[in-house]
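Visitor: Hey, I've got this one open on my screen and could use a walk-through. Mind if I just fire questions at you?
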Amino acid sequence: MRRFAIIGNRAMAQGKLPLNDMAGAAGRMDVLVRALMSALMTSHGMRRDSEIILHLHGGPGPARRIKFVGSELKGVHAEERAVAGQIGKVIQLPTPARGQWLQRSDGIYDGGGDIESTITEWKDSTIIRLDAAAPRLWSADSAIPQQSKPLSKAVGEWDETEISGIDIAFILSDDKPLTESQLLLENTIPRSLGEEWLQGHLAIAICHFLIDEGVSLNL
Ligand SMILES: C[S@@+](CC[C@H](N)C(=O)[O-])C[C@H]1O[C@@H](n2cnc3c(N)ncnc32)[C@H](O)[C@@H]1O
């Protein structure tokens with residue numbers, strides 16, 4: 001299982017999502033949509049072993065989370081505006097209580113709470129906090145295998161999906177650094193993908209690559 005938490009420090013949590021101003025009035029929701037698509041989709045399909053939680057910390061009102069479960073999703077296409085439209089439908093509704101998850105459509109859940117709630121829920125995963133300045137995510141003696149040996153994979157679709165392999169989770173921020181309290185989150189391991197700071201959706205693509213190919217990780 002591969003899990004991704006994307007923190008939208010200014011992303012709007014409630015109201016009418018301005019589809020024509022995702023980078024401005026929506027609080028860099030464009031960054032979250034790109035990250036979501038990169039985490040959830042391959043060139044032609046859905047990553048059924050992936051789960052993504054967008055954290056909307058920009059108000060108005062309390063922090064909100066939207067969870068996308070790859071094994072359950074139907075009707076999600078690789079088109080940014082359509083994906084944003086699905087987020088827009090969710091945030092028009094009142095924010096659920098902290099810790100409560102309400103299903104809004106197949107594979108899309110709406111919840112209250114913040115990144116600390118997510119970490120509590122992910123207690124069975126190895127949680128990596130992605131940070132360019134941290135030790136590398138891969139082992140010192142690792143090599144890229146010549147044949148793909150996925151560390152996590154899904155077989156089958158929807159109700160028949162079977163997920164096997166490691167249970168690993170990644171926390172990323174949007175265009176802003178994690179706050180001091182987010183940097184001190186308990187039960188998370190800081191790891192780097194190289195010293196160059198990348199855009200979040202590219203960092204996610206590298207995580208998938210390492211897991212798809214079976215590169216030995218430094219966990
Ligand atoms: C655009 S970056 C944010 C840059 C921001 N200046 C910061 O300090 O977090 C978005 C996220 O991608 C992840 N990221 C980007 N480059 C990375 C790298 N080289 N190693 C690990 N994570 C990286 C981090 O989680 C980061 O919060």
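Visitor: Which are the buried residues of helix 1?
Guide: This is a predicted model, so take what follows as computed from it. The buried residues of helix 1 are Met29, Val31, Leu32, Val33, Ala35, Leu36, Ser38, Ala39 and Leu40. That is nine of its 12 residues, so helix 1 is largely enclosed by the rest of the structure.

Visitor: What covers the buried residues of helix 1?
Guide: The cover includes strand 1 (2–8), strand 2 (50–56), strand 3, helix 2, strand 9 and helix 5.

Visitor: And how far does helix 1 reach from its first C-alpha to its last?
Guide: Helix 1 reaches 16 Å, close to the 16 Å expected at 1.5 Å a residue.

Visitor: Let me zoom out a sec. How many helices and strands are there in the protein?
Guide: There are five helices and 10 strands. The C-alpha trace spans about 50 × 40 × 30 Å along its principal axes.

Visitor: How does the radius of gyration sit against a compact globule?
Guide: The two agree: a compact globule of 219 residues would come out near 17 Å, and the protein has 17 Å. As for burial, 40% of the 219 residues count as buried.

Visitor: What share of the contacts is between residues 24 or more positions apart?
Guide: Counting contacts with a separation of 6 or more, 72% come from residues 24 or more positions apart.

Visitor: OK, helix 2. Which of its residues are buried?
Guide: In helix 2, Val83, Ala84, Ile87, Val90 and Ile91 are buried. Looking down the axis of helix 2, these buried residues fall within an arc of 110°, so they line one face of the helix.

Visitor: What about the other side of helix 2, which residues are exposed there?
Guide: Arg81, Ala82 and Gly85 are exposed on that other side. Over the buried residues of helix 2, the cover includes helix 1 (29–40), strand 3 (64–69), strand 4 (101–105) and strand 5 (108–112).

Visitor: Now helix 5, which residues are buried there?
Guide: Gly200, Ala203, Ile204, Cys207 and Ile211 are the buried residues of helix 5. They take up an arc of only 100° around the axis, which puts them on the same side of helix 5. Among the elements covering them are strand 1, helix 1, strand 6 (126–130), strand 7 (152–155) and strand 9.

Visitor: What follows helix 5?
Guide: Gly214 does, and its phi is positive, near 80°.

Visitor: There's a ligand in there too. Which residues come nearest to the ligand?
Guide: Of the 17 residues around the ligand, Leu130, Ala132, Leu172, Ser173 and Pro177 come nearest. Strand 9 (168–173) and helix 5 (200–213) are the elements that give two or more residues to the shell.

Visitor: How does the shell around the ligand split by class?
Guide: The shell has nine nonpolar, five polar and three charged residues.

Visitor: Switching to the loops. Lys74, is it buried or exposed?
Guide: Lys74 counts as exposed, because it has 11 C-beta neighbours inside 10 Å and the cut-off for exposed is 12 or fewer. You'll find Lys74 in the loop between strand 3 and helix 2.

Visitor: What is Lys74 in contact with, leaving aside its neighbours within four places in sequence?
Guide: Lys74 is in contact with Asp106 and Gly107. The C-alpha atoms of Lys74 and Arg48 are separated by 11 Å, with the two residues 26 apart along the chain.

Visitor: What about backbone quirks, which peptide bond is cis in the loop with Pro60?
Guide: That's the bond from Gly59 to Pro60, with omega near 0°. Pro60 lies in the loop between strand 2 and strand 3. As background, most peptide bonds are trans, and most residues other than glycine have a negative phi.

Visitor: So what is the phi of Arg28?
Guide: Phi of Arg28 is near 60°, a positive value in a residue other than glycine. Arg28 is in the loop between strand 1 and helix 1 and is partly exposed, with 19 other C-beta atoms within 10 Å.

Visitor: And Asn187, what is its phi?
Guide: Asn187 has a positive phi of about 65°, although it is not a glycine. Asn187 is in the loop between helix 4 (180–183) and strand 10 (189–191), and with 12 C-beta neighbours inside 10 Å it counts as exposed.

Technical notes: Residues numbered from 1 in each chain as written. Predicted model: local features only at pLDDT ≥ 70, side-chain atom pairs only at ≥ 80, totals over all residues. Helix = DSSP H or I, 4+ residues; strand = E, 2+ residues; numbered from the N terminus. Rg over C-alpha atoms; globule rule 2.2 N^0.38 Å. Buried ≥ 20, exposed ≤ 12 C-beta atoms within 10 Å, placed from the backbone. Contact = placed C-beta atoms within 7 Å. Arc of directions from axis to C-beta. Near = placed C-beta within 6 Å. Nonpolar A, V, L, I, M, F, W, Y, C, P; charged D, E, K, R; others polar. Expected span 1.5 Å × (residues − 1).
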